[in-house]
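Please look over the structure shown here. The report that follows describes part of its sheet and the packing of its helices.

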Amino acid sequence: MKAVSIREFGRPEGLVVVDVPDPVPAAGQVVIATEAIGVGGVDTLIRSGVLAAYGFKEGHIPGGEVAGTVTAVGDGVDASWVGRRVWGFTGTGGGYVEQAVAPVTEVLPLPADLSATDAVTLGSAGVVAHFGLARARFVPGETVLVRGAAGSLGIMAVQFAARGGAGAVAVTTSSGDRGERLRKLGATHVLDRSGSGSGSGSGSGGEDAPAGYDVIIDVVAGEHLPSFLDRLNPNGRMVVVGIVGGRPPADFGTRMTAAFQKSLSFSTLSTDTVPAADRATARAGHFAAASRGEIEAVVHELLPLDQAALAHRKMDAGEVFGRIVLTP
């Protein structure tokens, strides 16, 4: 079967199409004939080589989120899975393939009227946004800032905060056009990447944004994270759910201790720490809500699997609003 692997860490051109043997499921696994494959921010980080210290090697097949039809099951898996349309999580790799293997514990049936493309746009992003807001102890009426809101994860955080009754939902983004699109999804104030004014001078209402926030959901991290800690209200909570901008400065905690009397909280969230059953319950709810039209899966573009390098170039260039989806 066809797959895309990392021939060389670094630029997107290091991604190449290769032939690999058809997979055979081990005990507890299923094989999914992929219809849609999500391209995530972590895929670009792995490809770049910055996560090599965590055991990733050249030859790695990226991708963790697929949707399609189960074609085979391993020992201990109910044979009734065969023929069912599902979403599946393959882990930190193994998704950029025509046939993917996933643990049955990380597979979820799809509603009949939910497309595979929408499933891989919502599946992981929705769960991270959902549990990120839960980690922040968000309650209705609070002000929320989503930093780096134009990706699939940020878009879901905006929608969930708005649906959850936030008093305000501010976003940081790179352009007025993106800001207007985020407004349609629930944002009330649009800021530029630094968190100031209106996104790229668009006049989108950033000037009257709240002076402080009860909750910040941060997809970016990076060198400017400390300045956003300053924007937390007393008892404010920041939860970092992504590091697409790189790691924050090693001494960022000094900003919190300098504001000791505000009783600020900082947390990171990996859904690896969320029980699988809880993730499945939340994800099923998101899929059902999307099939009812209550939340929107924002797909930037569909590209063939053999154009994975192009997808990564677009990600690196910051051109993507929502999610790019690969199709075998």
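## Sheet and helix packing

In this predicted model, Asp218 has Val240 of strand 12 as its bridge partner. Strand 11, which covers residues 213-218, and strand 12, which covers residues 232-240, run parallel and are joined by five bridges.

An open sheet of six strands, paired in parallel, follows the order 10-9-8-11-12-13. Strand 10 (189-191) and strand 13 (265-268) are its edge strands, each of them pairing on one side only, and from one strand to the next the twist averages 15 degrees. Helix 2 packs on this sheet, where it touches strand 11, strand 12 and strand 13, and the direction of helix 2 makes about 145 degrees with that of strand 11.

Helix 2 (residues 116-135) also packs with helix 7 (residues 276-291), at an angle of about 125 degrees and with the two axes 9 Å apart. Because of that angle, helix 2 is oblique to helix 7. The crossing in which helix 2 passes helix 7 is right-handed, and the residues that make the contact are listed by helix below.

| Helix | Residues in the contact |
|---|---|
| Helix 2 | Ala119, Leu122, Gly123, Ser124, Gly126, Val127, His130 and Phe131 |
| Helix 7 | Asp278, Arg279, Ala282, Arg283, His286, Phe287 and Ala290 |

Taken by type, the residues of this contact between helix 2 and helix 7 comprise seven nonpolar, five polar and three charged.

Key:
Residues numbered from 1 in each chain as written. Predicted model: local features only at pLDDT ≥ 70, side-chain atom pairs only at ≥ 80, totals over all residues. Heavy atoms only, no water. Axes fitted to C-alpha atoms, helices over the stretch in contact; angles between N-to-C directions. Helix = DSSP H or I, 4+ residues; strand = E, 2+ residues; numbered from the N terminus. Parallel < 35°, antiparallel > 145°, perpendicular 65-115°, else oblique. Left-handed = near helix turned anticlockwise from the far one by under 90°. Contact = heavy atoms within 4.5 Å. Nonpolar A, V, L, I, M, F, W, Y, C, P; charged D, E, K, R; others polar. Pairing = 2+ DSSP bridges.
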